[in-house]
Amino acid sequence: MRTRKRYLLLAGVLGAAFVVVPAIAESSPTVSGTESLMWVPPEVTVASGGTVNFQDTSKSVPHGVVWEAGNPSTPTCSGVPVNKGETSWKGTCTFANAGTYRYFCFVHGKAMSGRVNVGSTAPPTIKKLSPKKGPAAGGTSVTITGTNFTGATAVRFGSTAATSFAVNSATSITAVSPAEPPGLVEVTVTTSNGISGASPKDRFTFKKPRK
Ligand SMILES: [Cu+2]
């Protein structure tokens with residue numbers, strides 16, 4: 001057991017040191033106004049300053065965008081009909097500020113609504129785990145406090161994925177620990193902006209079963 005534990009600790013440290021942060025995919029999502037009077041997909045997420053492609057693929061049904069009052073800022077658009085309706089168009093809009101942008105169709109009204117979520121480009125960080133230990137059998141509900149958790153795609157205990165996790169807010173995630181051999185691991189949160197870096201605050205201990 002002793003050797004195994006050392007190995008795990010080593011693996012955890014090495015894993016954290018050699019984590020390769022994937023290049024952020026800068027491809028922009030595309031939203032299509034359809035013949036069935038929907039924006040597809042109705043919700044997309046981009047980084048601050050990111051762009052979204054908009055198009056009318058219906059051929060015959062005109063659509064156009066109306067930005068709702070209360071958005072973080074007015075997006076800068078090119079080739080997208082704003083406050084008017086047109087058929088067969090294709091363009092892009094750039095979203096300078098973080099936050100949620102809501103819009104609806106100039107022709108079809110709020111029944112045809114969409115959202116663009118604009119997030120930070122900073123990778124997530126972990127500031128606190130609570131609790132910091134649990135049984136090797138897993139099943140511990142761990143509250144992870146930190147930053148930039150919005151859109152988290154993975155939570156890992158060492159190299160093992162959490163059994164499940166829920167993003168409560170940009171600063172809070174609740175994750176259920178998987179089964180792991182006893183020992184210390186680094187917990188990581190992954191978003192499209194990267195993986196949280198190793199720190200003493202993200203360490204979780206899987207306890208040996210009592211005999
Ligand atoms: Cu429309």
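## Secondary structure and overall burial

The protein chain holds 1 helix and 19 strands, where helices (H or I, at least four residues) and strands (E, at least two) are DSSP runs numbered from the N terminus. The model is predicted, so that local features need pLDDT of at least 70 and side-chain atom pairs count only at pLDDT 80 or more, while totals for chains, interfaces and linings use all residues. Residues are numbered from 1 along each chain as its sequence is written.

Of the 211 residues of the protein chain, 27% count as buried; a residue is buried if 20 or more other C-beta atoms lie within 10 Å of its own, exposed if 12 or fewer, and partly exposed in between, with C-beta atoms placed from the backbone. Among contacts between residues at least 6 apart in sequence, 59% join residues at least 24 apart, a contact being a pair of residues whose C-beta atoms, placed from the backbone, lie within 7 Å.

## Nonpolar cores

The largest nonpolar core (a set of buried Ala, Val, Leu, Ile, Met, Phe, Trp, Tyr and Cys residues joined through C-beta atoms within 7 Å) has 15 residues, and those with the most contacts inside it are I144, V155, I173, A175, V187 and V189. Two or more residues are given to this core by each of β12 (141-147), β13 (154-157), β16 (172-176) and β17 (183-191), and the largest share, 3 residues, comes from β17.

When its neighbours within four places in sequence are left aside, V155 is in contact with A162, F165, I173, A175 and V189. A second, separate core of 13 residues includes W39, V52, C93 and F95.

## The five-stranded open sheet

An open sheet of 5 strands follows the order β2-β1-β4-β7-β6, with mixed pairing; two strands pair if DSSP finds at least two bridges between them. Because β2 (39-40) and β6 (76-78) stand at the edges with a single partner strand each, one side of each is left without a neighbour in the sheet. The pairing of β1 (residues 30-33) with β2 is antiparallel over 2 bridges, and V40 in β2 is the bridge partner of S32.

## Strand β19 and its partners

Side chains alternate along β19 (residues 203-207): F204 and F206 point to one face and are buried, whereas R203, T205 and K207 point to the other and are not.

Strand β11 (residues 133-135) pairs with β19 in the parallel sense over 3 bridges, with K207 in β19 as the bridge partner of P135. By contrast, β17 and β19 run antiparallel and are joined by 4 bridges, and G183 stands opposite F206 in β19.

Methods: Contact = placed C-beta atoms within 7 Å.
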